[in-house]
Amino acid sequence: MTDLSRYRNIGIFAHVDAGKTTTTERILKLTGKIHKTGEVHDGEATTDFMEQEQERGITIQSAATSCEWNGHRLNIIDTPGHVDFTIEVYRSLKVLDGGIGVFCGSGGVEPQSETNWRYANESEVARVILVNKLDRLGADYYRVIDQIKNVLAATPLVMVLPIGVEDDFKGVVDLLTRKAWVWDDTGLPENYEIRDVPEDMLELTEEWREKLIETALEQDDDAMEAYLEGETPSLETLHACIRKGTIALDFFPTYCGSAFKNKGIQLILNAVVDFLPNPMEVQPQPEVDIEGNETGKFAVVDAELPLRALAFKIMDDRFGALTFTRIYSGRIEKGMTVLNTFTGKTERIGRIVEMHANSRSELSAAQAGDIIALVGLKNTQTGHTLCDPKNPATLEPMVFPDPVISIAIAPKDKGGSEKMGIALNKMVQEDPSFRVETDVESGETIIKGMGELHLDIKVDILKRTHGVEVNVGKPQVAYRETITGRVEDSYTHKKQTGGSGQFAKIDYIVEPGETGSGYTFESVVTGGNVPREFWPAVEKGFKLCMAEGVLAGFPVLDVKVTLVDGSYHPVDSSAVAYEIAAKAAYRQSIPKAAPQLMEPIMKIDVYTPEDHVGDVIGDLNRRRGMIKSQETGPTNVRVKADAPLSEMFGYIGDLRTMTSGRGQFSMEFSHYMPCPKNVAEAVIKEVQARKAS
């Protein structure tokens with residue numbers, strides 16, 4: 001029986017380029033899991049095993065691995081930092097008990113750090129913080145601590161102080177033990193000495209140690225009372241208080257170091273073991289019913305209870321689909337049958353493997369608290385619950401955002417069509433934020449995603465992993481249509497064939513609905529002029545047409561249709577006749593109701609050096625952006641704006657040019673707004689030209 005108190009399920013998350021993967025690599029080396037450290041910039045990091053990750057030096061998909069430290073088992077997930085792949089962070093945090101938030105010593109709290117921090121708050125994941133890259137030019141530990149307080153509204157519990165900074169960064173002072181950890185210049189993590197605190201840091205050490213003790217002891221009234229009466233708390237008492245406050249999310253133990261130079265990683269590992277919760281110490285997962293409402297029951301982490309497991313990621317490889325699964329209660333054994341509550345079907349567990357990036361080791365069984373991969377499940381997808389068939393239950397599912405950008409793709413050779421279809425199907429299962437549709441009119445395959453980089457990577461995966469060469473169209477924006485006028489109209493559908501004919505007459509009002517209401521239908525017909533049994537047919541006819549607007553064929557938003565009157569024929573009227581009448585009425589009246597094109601507006605968050613602020617704001621104005629706020633930080637200015645997605649293609653390249661490579665930005669969907677007339681005309685013309693060709 002495994003001792004669950006010695007388990008730590010943790011994720012490493014941060015803004016792009018803050019050093020997550022390098023930190024993971026150092027942890028694996030220190031714990032003896034790997035013997036040679038691979039570097040991200042050389043494309044040799046263990047957890048960046050995709051070709052695309054190695055070339056670009058970024059993490060694209062989260063990778064799972066495990067290792068041992070001080071008699072504890074650490075299950076680690078290294079997550080991406082780029083905004084296009086936040087879905088990976090979200091679904092990893094959903095199944096983790098703790099995390100390491102990595103912040104760059106010079107960049108501080110960057111846009112993506114905020115998004116990830118918000119996800120972690122929503123998932124109630126306890127965290128320790130590593131302020132990394134303290135050897136870099138412009139690194140400032142104390143400034144980052146202020147940003148964590150002010151930008152993230154979090155309470156950092158400072159556990160160490162840096163000895164030296166930038167090129168002189170040598171090590172850290174541990175405030176709990178009042179000892180200095182100093183590394184030599186060999187870059188080897190094991191080459192360190194524990195010494196007394198340097199003379200010039202004694203006063204600073206005592207000042208910060210006092211803050212640490214006061215914050216920690218708020219968790220224990222008796223210990224706080226004794227401290228106020230002059231009694232020094234023991235290390236055991238402080239440890240217990242810090243652990244309690246960390247698990248309660250009252251504060252976040254904060255460390256510093258340089259993962260690249262191998263300085264400070266041991267203390268982070270000690271903090272994971274000492275302060276982050278084991279699987280039994282976190283809030284158990286709520287169980288829900290078919291509609292997604294909580295039932296009041298919970299999946300308590302216990303190997304003796306019935307099975308409850310959540311599939312949180314699907315990955316396709318040469319041996320078949322791998323279903324990454326977190327087991328909350330019970331056990332999974334080879335050969336057993338489990339129930340998927342989403343599909344209502346049972347699946348047989350073939351092979352169970354423990355993952356180390358892209359290599360694996362076979363297991364015969366796994367239990368509550370484990371993160372494993374199951375090989376060969378046929379019908380299980382991300383967010384599905386696997387449970388005991390005799391004792392079914394569903395865990396809270398995952399909610400994924402809608403894509404905002406799409407491109408048309410076509411195989412370069414005719415024979416590639418079927419191959420492309422199979423490959424896309426696998427990719428959709430792996431990534432719930434990636435969608436594939438077929439344009440009914442043109443027959444084109446449209447892929448949709450969260451951003452330009454997201455789709456760029458998908459096209460690359462099609463080519464390299466699946467061997468499908470494709471031609472790629474221009475990025476397309478997910479426009480919508482609506483109406484701005486009110487129209488009262490009437491339509492009669494009459495058709496006489498041999499035998500019975502078709503007859504339906506409807507009088508109706510088409511008008512703009514409330515913002516965000518979608519399509520609404522109401523009938524105020526009295527006196528049975530349109531019998532009640534035909535109302536749903538009228539509603540359905542209009543609804544089917546809302547999928548395609550009259551301007552450029554985009555879905556129609558926020559329209560209200562009211563059926564006010566009509567007439568029927570006792571023999572010739574039918575539901576089909578009224579549905580046909582409604583469809584024709586839509587085509588007749590929507591063009592009269594002043595239709596309008598709507599465009600997606602994005603929330604833009606730009607970080608720029610102070611001397612380039614004018615250029616950045618000027619450029620955003622040219623892109624029809626509305627500047628919302630401007631905050632000046634110590635090293636850069638943060639500009640928040642709303643801007644149309646159509647104007648933001650290629651923005652990262654322009655921003656880097658404007659700011660000499662130092663600017664960064666993140667972007668997420670905010671709302672739909674009416675398109676200016678000239679833009680709408682250009683979009684409509686482009687759509688018509690595409691259909692004509």
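Which residues are linked in a network of salt bridges? In this predicted model, the members of that network are Asp619, Arg622, Arg623 and Asp654. I shall begin with these charged contacts and then turn to the cysteines and to one part of the surface.

A search of the whole structure finds 22 salt bridges. Allow me to present three individual pairs.

The pair I take up now is Asp605 with Arg638, whose closest N and O atoms are 2.8 Å apart. Asp605 belongs to strand β35, residues 595-608, while Arg638 belongs to strand β37, residues 637-644, so this salt bridge ties together parts that are 33 residues apart in sequence. Are these two residues buried or exposed? Asp605 and Arg638 are both buried.

Next, please consider Lys448 and Glu437. They form a salt bridge in which the closest N and O atoms lie 3.2 Å from each other. Lys448 is found in strand β27, residues 445-449, and Glu437 in strand β26, residues 435-438; the pair therefore ties together parts that are eleven residues apart in sequence. Lys448 has a relative accessibility of 22% and so counts as partly exposed. Glu437, at 40%, counts as partly exposed because its value falls between the 20% and 50% cut-offs.

A further salt bridge joins Glu193 to Arg195, with 3.1 Å between the closest N and O atoms. Glu193 has a relative accessible area of 47%, which makes this residue partly exposed. Arg195 is partly exposed as well, at 40% relative accessibility.

I now come to the cysteines. How many disulfides does the model contain? The count comes to zero, by the rule that a disulfide is a pair of cysteine sulfur atoms within 2.5 Å. Two cysteines may be pointed out for their burial. Cys104 has 4% relative accessibility, and Cys675 has 8%. Why do they count as buried? Both values are under the 20% cut-off, and therefore Cys104 and Cys675 are classed as buried.

Finally, let us look at the surface. Phe298, Val300 and Leu305 form a nonpolar patch there, and together they have about 240 Å² of accessible area. Within this patch, where does Val300 lie? Val300 sits in the loop between β13, residues 294-299, and β14, residues 308-317. With a relative accessible area of 42%, Val300 is partly exposed.

To close, I return to the opening question: the network of salt bridges links Asp619, Arg622, Arg623 and Asp654.

Technical notes:
Residues are numbered from 1 along each chain as its sequence is written. This is a predicted model: local features need pLDDT of at least 70, side-chain atom pairs count only at pLDDT 80 or more; totals for chains, interfaces and linings use all residues. Side-chain values use heavy atoms; hydrogens and water are left out. Buried means under 20% relative accessible area, exposed over 50%, partly exposed in between (1.4 Å probe, protein chains only). Patches are made of residues with over 30% relative accessible area and no salt bridge: like charges are joined within 9 Å, nonpolar side chains (Val, Leu, Ile, Met, Phe, Trp, Tyr) within 5 Å. Accessible areas come from the Shrake-Rupley method with a 1.4 Å probe; for residues, only the protein chains shown count as cover. A salt bridge is a side-chain nitrogen of Lys or Arg within 4 Å of a carboxyl oxygen of Asp or Glu. Helices (H or I, at least four residues) and strands (E, at least two) are DSSP runs, numbered from the N terminus.
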